[in-house]
Amino acid sequence: RTQSDYPMMANDPHRRQSAPSLRYMAHLVAPGWNVIGGGEPEIPGISIGHNEYGAWGLTVFRTDAEDLYVYETNPKNPNQYWYKGAWEDMRIIRESIPVKGQKPVEVALKYTRHGPVSHEDPAKNKAYAIRCGWLEIGGSPYLASLRMNQSQNFEEFREACRYSHIPGENMVWADRAGNIGWQAVGIAPIRRNWSGLVPVPGDGSYEWEGYLPIKAKPYLYNPEGGLIYTANANVTPLDYVYKEALGYSWSDPYREDRLAELLNTGRKHSLLDMARYQTDYLSIPARQLVPLLLQAEHEVDTLKRYLDYLKNWNYHLEPHSVAAGIYNAWEQQIKTQITSIVLPEHPYLNPYIQMKTIIDWLVLPDGKFGNDPIRGRDEFLLSTFYAAIEQLQKKLGRDTDKWQYGQEAYKHIYLQHPMSNAVKPEVREKLDVGPIARGGNSFTLNNTSSSDNQRSGASFRIIVDTGDWDACLAMNNPGQAGDPEHPHYRNLFELWAKDGFFPLFYSRKKVESVQEQVIELRPKKQ
C-alpha cells in the first residue's frame, strides 16, 4: 500500500497546545541506543519515534481507570470512615501554603485506602474519594518508552507495552521487516459487580479485583488488509471478551472514517500523502448536514445568498473559505440548541452530546421534533442557521466577503504562556505566540478543536518510511526551546500553522549536513 513497499508509520497525537512546546524532540545515540523522535521534557526516553528496526506512535484508547467512592464517616470523628464493619482512620498529611502578604494557610490533605478525599459533607456524615489506577506504583506516564526504544520486533514491542500503566493508549508499530501491529495499553481495573459508571459505597463491597494484564487488551499483528489506524474512536473488536474492563465513551467516528476513505482508495501512498492526510480539513458532519439544510423549505429572499455559499462547497474547513465560516457557526448553533429539543424541561442544561448522536437524530427525526418530525427537524435546521448568520453579522459585520473562517476574529490559534498573566506586557509579548489563522475543527483529521481559539490538537507530528530512516517528516509547535529569547522558541510556529513539516534526518551523515551547532561537554579536570 506504500510507494516504497515498506510499512509507514504516521502519528499526530492530540494534546493541549502550549508555549513552550509540550513535546521535546531528541536523537539519543549511545551503546545499544539509536532512537529519534519526541517525548516530554521531564520524562526519559522517546515516547513516539523510531530506532533502526521499527517505528511507533500512540493515540488515546479510552479506559475507565477511575472510581468515585462514597463513605459513611463517624459522627464523632469525621476523620474515620466505615470499611468492612469497622471505623478506619484516614491518613492525613498537613501542609503549609505560603500566601503573599498574609500568614501561611494550613491545610489537611486526607486519604482513604482508595485515594485522595475530594469532598466532605460533615452535615450528612459523608466523604468522597477518588481511586485512580494510574496512581499505582509504576504508573509513570511513558516510562515504558525506555523499553520500546530498544525493541527490534513487534513481540519485543508488545513486551515493552506490558509496562505501560498509563491512562489508556493505542500503541502502533511498523518495522523494516514488513510488519505492522497494534497493542492497546493502560491500566484497566477488573470490576466484578459494577460498571464503574456511577459512584459506589466505599465500605468494602465494591473493590477492584486486580488489573487486566496489558497483553490481554486488544491487539493486532499484520491484519489481512495491511492497515491499522486509530483516531480515538472505538476500535475494540466486537468479540472482545473483557469489554467491562475498558471505557464506555469514545470520540466520534468521523476522523477514523475519513482515514478509511483516504487509505482505502487502492492507490499506493507516499510520505507526502501521509502529510496531506494528517492535515486534511474535510468535515464528514458537514457533508451530512448541509444537504439536509438545502432540502429544507426556506425563505429564499432572506437565506438564499448565504445558502449559495454552501451549495457548491467541498466541505473542507479551509482557513480562506467563507462557506467554512458559515458552516462552522451553524454547527455550533446546532450543538448548543439541540438541548432544547432533547431536554425541553431543562433548557438551562448544556450537556455534551456526541455529534454522531445529533446527526442520527436529525437524519431520522422522531417525536422529539413534534407531531410532524420532518417538518420540525427542518424548522430546527433553519432556525439554527438563522441564528448562525446573526451571530456572524455581529461578530464579523455584514460584508460576507469578510467571513473567511481562518482569521484572528474567528478561527485562529494564540498560545498563552503559563506565566503570561503574571508579567508585564512587554514580557508577555515575548512569552506568548500568535495569533495566526487556522482551519478545521474537532471533527476533521487535522483536529483543531471546537473553539475559535485552537486549544488542542496535534502540536507534534511524525511520519516515518521504514524503508529509509532518513525519509522522515516531523513537526513540533511552536519550537524546541523553552527560553523565549532563543531563536528556536517559536521558529516552527508559522510553518506548523500552514500545515508544513521539516525533514527529521537519522543517519549521522544527513544530520551533520544540516547541523547548526555542536556542543561538547567534557569532565572538569581535577
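**Close-up views of a cavity and a sheet**

**View 1. The largest cavity of the model holds about 70 Å³ of space.** The structure shown is a predicted model, and in it the count of cavities of 30 Å³ or more comes to one. Residues lining the largest cavity include Ser47, Leu58, Ser140 and Tyr142, together with the run Leu143, Ala144 and Ser145, and the lining is completed by Met148, Ser164, Ile166 and Met171. Sorted by class, this lining consists of seven nonpolar and four polar residues, with no charged residue among them.

**View 2. Seven strands form an open sheet with antiparallel pairing.** The strands follow one another across the sheet in the order 3-4-5-6-14-15-17, and its edges are strand 3 (24-30) and strand 17 (219-221), each of which pairs on one side only. On average, and with direction ignored, neighbouring strands of this sheet are turned by 15 degrees against each other.

**View 3. Strand 6 and strand 14 pair in the antiparallel sense over seven bridges.** Strand 6 comprises residues 54-60, and strand 14 comprises residues 169-175. Within this pairing, alanine 55 has alanine 174 of strand 14 as its bridge partner.

**View 4. Helix 2 packs on the sheet.** This helix, formed by residues 154-161, touches strand 6, strand 14, strand 15 (180-185) and strand 17, and the direction of helix 2 makes about 160 degrees with that of strand 14.

Definitions and conventions
Residues numbered from 1 in each chain as written. Predicted model: local features only at pLDDT ≥ 70, side-chain atom pairs only at ≥ 80, totals over all residues. Heavy atoms only, no water. Pairing = 2+ DSSP bridges. Helix = DSSP H or I, 4+ residues; strand = E, 2+ residues; numbered from the N terminus. Axes fitted to C-alpha atoms, helices over the stretch in contact; angles between N-to-C directions. Contact = heavy atoms within 4.5 Å. 1 Å grid on protein atoms, 1.4 Å probe; cavity = no way out; pocket = protein on both sides within 12 Å on 5 of 7 lines; lining within 4 Å. Points joined across faces, edges and corners; volume = space filled by probe spheres on them. Nonpolar A, V, L, I, M, F, W, Y, C, P; charged D, E, K, R; others polar.
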